Amino acid sequence: MTHNASRRSFLAAAASIGLSVPFLVANARAQQRGEHSRMLVACFSRTGNTRTVAEQVQLLTGADLFALKTTHSYPAEYRATTDQAKREQQEGFRPQLTEQVDNMADYDVVFVGYPNWWGTMPMAFFSFLEAYDFAGKTIVPFCTHEGSRLGRSVRDIEAICPQSTILEGLSLRGASDGSIRTASASAQEAVRDWVAGVGIQGKPRAGAMSQ
Ligand SMILES: Cc1cc2nc3c(=O)[nH]c(=O)nc-3n(C[C@H](O)[C@H](O)[C@H](O)COP(=O)(O)O)c2cc1C
């Protein structure tokens, strides 16, 4: 079998068990260069549920972590926050972020994690996704929610990043009562299964396996 034919049959076999071909190609190229794909986990979290998942993904994959923060704050009170977030969404507001990712060009895979706010990502994530060129990158979405799952967020990501490969997203039950539901053993198992299922082969950090 020629090199190209064996590569094609490997990719077909990988696709048949649900691994993403564009991701595998990017990963295979990185491995030929003796590297793993460089990965970033970008997250926004008000009360810690999404941040907890982001930190677990970081441990499992060896990705760098970037926490989005806005220059304006949200009220401590839940109802006031939902009112403000609703206004921001209706007005198409783009919050200013306090920090930038200076080396975005270095990342092949970007996990994006957010709480579901009014059916999609908080507007801070729209600011983030519009600030960089994600063409050719693999985007892996995850969200925490209280019933709406991923909502329309993946469609919104696709609209902003039409030249990216978007892998299957994960939604996990979170909470807004101050508890961290995503720290439970069952939530952590769901994250592990999802990372393995989308075919991400990172370089786990110490401690990832014993979680
Ligand atoms: C402004 C705001 C809007 C929300 N909108 C929704 C929603 O539309 N659907 C939903 O299921 N949960 C909604 N939630 C609940 C959050 O998605 C949920 O509590 C999430 O786990 C919080 O994540 P965090 O702890 O990382 O901030 C909303 C919460 C807030 C603060």
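This section describes helix H3 and its surroundings in a predicted model.

Helix H3 comprises the 13 residues 49-61 and reaches 19 Å from its first C-alpha to its last, which is close to the 18 Å expected at 1.5 Å a residue. Immediately after H3 comes glycine 62, for which the phi angle is positive, near 80 degrees.

Of the 13 residues of H3, twelve are buried, so the helix is largely enclosed by the rest of the structure. The buried residues begin with an unbroken run of Asn49, Thr50, Arg51, Thr52, Val53 and Ala54, and they continue with Gln56, Val57, Gln58, Leu59, Leu60 and Thr61. Packing against these buried residues involves both strands and a helix, namely strands E1 (39-43), E2 (64-67), E3 (109-115), E4 (138-145) and E6 (170-173), together with helix H7 (185-197).

The packing of H3 with H7 can be described in further detail. The axes of the two helices, H3 and H7, come within 10 Å and cross at roughly 45 degrees, and H3 is therefore oblique to H7. The crossing in which H3 passes H7 is right-handed. On the side of H3 the contact is made by Val53, Gln56, Val57, Leu60 and Thr61, while H7 contributes Gln188, Val191, Arg192 and Val195. By residue class, the contact of H3 with H7 divides into five nonpolar, three polar and one charged residue. As a general point, an α-helix has 3.6 residues a turn, so residues three or four places apart point the same way. Among the contact residues of H3 are Val53, Val57 and Leu60, and among those of H7 are Gln188, Val191 and Val195.

Definitions and conventions:
Residues are numbered from 1 along each chain as its sequence is written. This is a predicted model: local features need pLDDT of at least 70, side-chain atom pairs count only at pLDDT 80 or more; totals for chains, interfaces and linings use all residues. Helices (H or I, at least four residues) and strands (E, at least two) are DSSP runs, numbered from the N terminus. The expected span of a helix is 1.5 Å times one less than its number of residues. A residue is buried if 20 or more other C-beta atoms lie within 10 Å of its own, exposed if 12 or fewer, and partly exposed in between; C-beta atoms are placed from the backbone. Two residues are in contact if their C-beta atoms, placed from the backbone, lie within 7 Å. Axes are lines fitted to C-alpha atoms, for helices over the stretch in contact, and angles run from 0 to 180 degrees between N-to-C directions. Angles under 35 degrees count as roughly parallel, over 145 as roughly antiparallel, 65 to 115 as roughly perpendicular and the rest as oblique. A crossing is left-handed if the near helix is turned anticlockwise from the far one by less than a right angle, and right-handed if clockwise. Ala, Val, Leu, Ile, Met, Phe, Trp, Tyr, Cys and Pro count as nonpolar, Asp, Glu, Lys and Arg as charged, and the others, Gly among them, as polar.
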